[in-house]
Amino acid sequence: MKVSADNYLIEVESNSRKTLDIIGINGEKIIIDNDYNKNSHSCRIGKIYALPISVSSKYKNDVELNVGDDVVFHHFVCKPDHKMPVGENIYRAEVFHIYGKIQDGQLIALEDVLFIDPIQEKEEDLFCGMIQVKVFKKAVQQKGYIYALSKTAKELGAEVGDIIYYTENADYKMNIGKRDLFRMRIRNILAIERNGELICLRNRIFVKQDKVEDKVGSLISLTTQSELHGEVVIVGKDITEVKQGDKVSYFNGIVGDIVINGDKLSFVDIKNINYISN
C-alpha cells in the first residue's frame, strides 16, 4: 500500500502495549506513554503502517522511515478525521507532524527538529533568605540541553549535550514518560554554548549590537528597529563573506537576542546582512 505524497499511515499502539522503553543520555532509560490523552499529552508513538508514494523536496527526509518503524508524532494526528478505514487504529499523518524515530533504542529527531532537555532552577531559587518564595522549581526560561537532534542540525554543527538559548514560545512540551522534553526547530536557536563558550552553527554569525543613545543619553531598544548595527564576534565555519571584527548592518530575522556579560548578541543568518564595512 502507498499513500499520497507527503503522508504516512501510522498504526497507533493498542492498550495491550502502553509503554515503550527508550535509552536516553548516558544509558538512562525513559518511557514513552502511548495512552492518548488530548488534554495532557503533546505527542504519541506508533508504527509506520504505509509509506507515501513520494516525499516533496522541501522535506529533506534525512532519516529514512520504513514500514514498522516506531515514530514520535504530534497527537493531533489521532483525530477522528485522520482515522483511516483500513484498520482499527490507523491514522494519516502528514510528514511534518512526525518529529522523531526510535532506532536501536535511541530517539532520533527528523528534518530540522531538536528535542531539548530544559535546565531546571536550582534548589536555592525556591528561597529568598529564609523565606520560601516558590512552591516548586521551574525550567529556566529559553535555555536547555540538546537531548536529541536531527542529522540536519548535526551537520550544521550542533551536538547532543550543547546548551542552547532559544526564542520565546519555542518550548513545545512533549511528555516522554517522566521526562518533559521541548520540541523545537533549528530556526528557534538563538545561541549555542559548549564547554562554557559560545559557538555558532556553521552557517550563522554572532554580532554584538552597537549601543545607540538618544538625546538624553539613555539607551534605546534596538530590537524594534528594522536595521541593526554591530560587530561580528563569532563566525561559523561555512561563512566566508564576513570575518571577525567586521562591522555590519543587518536585519535580525531570528527575532531574538541574548545578553551575555552586558552585551546584546544577535545570532544572524548571512542572508540577513544588509552591508559590511571593515
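**Notebook: cores, ring contacts and backbone outliers**

I looked up the largest nonpolar core and found 27 residues in it, with Leu-114, Ile-116, Ile-164 and Leu-201 having the most contacts inside it. I then listed the elements that give two or more residues to this core: strands S10 (113-120), S13 (139-149), S14 (163-166), S16 (179-185), S17 (189-194) and S23 (263-269). I note that the model is a predicted one.

I also recorded a second, separate core of 17 residues, which includes Ile-48, Tyr-59, Val-71 and Leu-110.

*Entry on Ile-164.* I asked which residues Ile-164 is in contact with, leaving aside its neighbours within four places in sequence. The contacts are Ile-116, Gln-142, Lys-143, Gly-144, Ile-146, Met-184, Ile-189, Ala-191 and Ile-192. Among these partners is Ile-116, itself one of the residues with the most contacts inside the largest core.

*Entry on aromatic pairs.* A search of the whole structure gave me 2 aromatic pairs. I examined the one formed by Phe-206 and Phe-267, which is tilted, at 4.9 Å centre to centre and with 40° between the planes. I count the pair as tilted because its angle is neither under 30 degrees, as stacking would need, nor over 60, as edge-to-face would need. The pair links distant parts of the chain, since Phe-206 is in strand S19 (residues 204-209) and Phe-267 in strand S23, 61 residues apart. I checked burial for both rings: Phe-206 has 0% relative accessibility and counts as buried, and Phe-267 is buried with a relative accessible area of 0%.

*Entry on Arg-183.* I looked up which ring faces Arg-183 lies over and found Tyr-99, at 4.4 Å from the ring centre. Arg-183 also lies over the face of Tyr-172, at 4.6 Å from the ring centre.

*Entry on positive phi.* I noted Glu-111, which has a positive phi of about 50° although it is not a glycine. Glu-111 is placed in the loop between strand S9 (106-109) and S10. Is Glu-111 buried or exposed? I record Glu-111 as buried, because its relative accessible area of 15% falls under the 20% cut-off.

Asn-195 likewise is not a glycine, yet has a positive phi of about 55°. I located Asn-195 in the loop between S17 and strand S18 (197-199). Asn-195 counts as exposed, because its relative accessibility of 77% is over 50%. I therefore enter these two loop residues with opposite burial: Glu-111 is buried, whereas Asn-195 is exposed.

Terms used: Residues numbered from 1 in each chain as written. Predicted model: local features only at pLDDT ≥ 70, side-chain atom pairs only at ≥ 80, totals over all residues. Heavy atoms only, no water. Core = buried A, V, L, I, M, F, W, Y, C linked by side-chain atoms within 4.5 Å. Buried < 20%, exposed > 50% of the residue type's maximum accessible area, 1.4 Å probe, protein only. Helix = DSSP H or I, 4+ residues; strand = E, 2+ residues; numbered from the N terminus. Contact = heavy atoms within 4.5 Å. Phe/Tyr/Trp six-rings, centres within 6.5 Å; stacked < 30°, edge-to-face > 60°. Lys NZ or Arg CZ within 6 Å of the ring centre and 35° of its normal.
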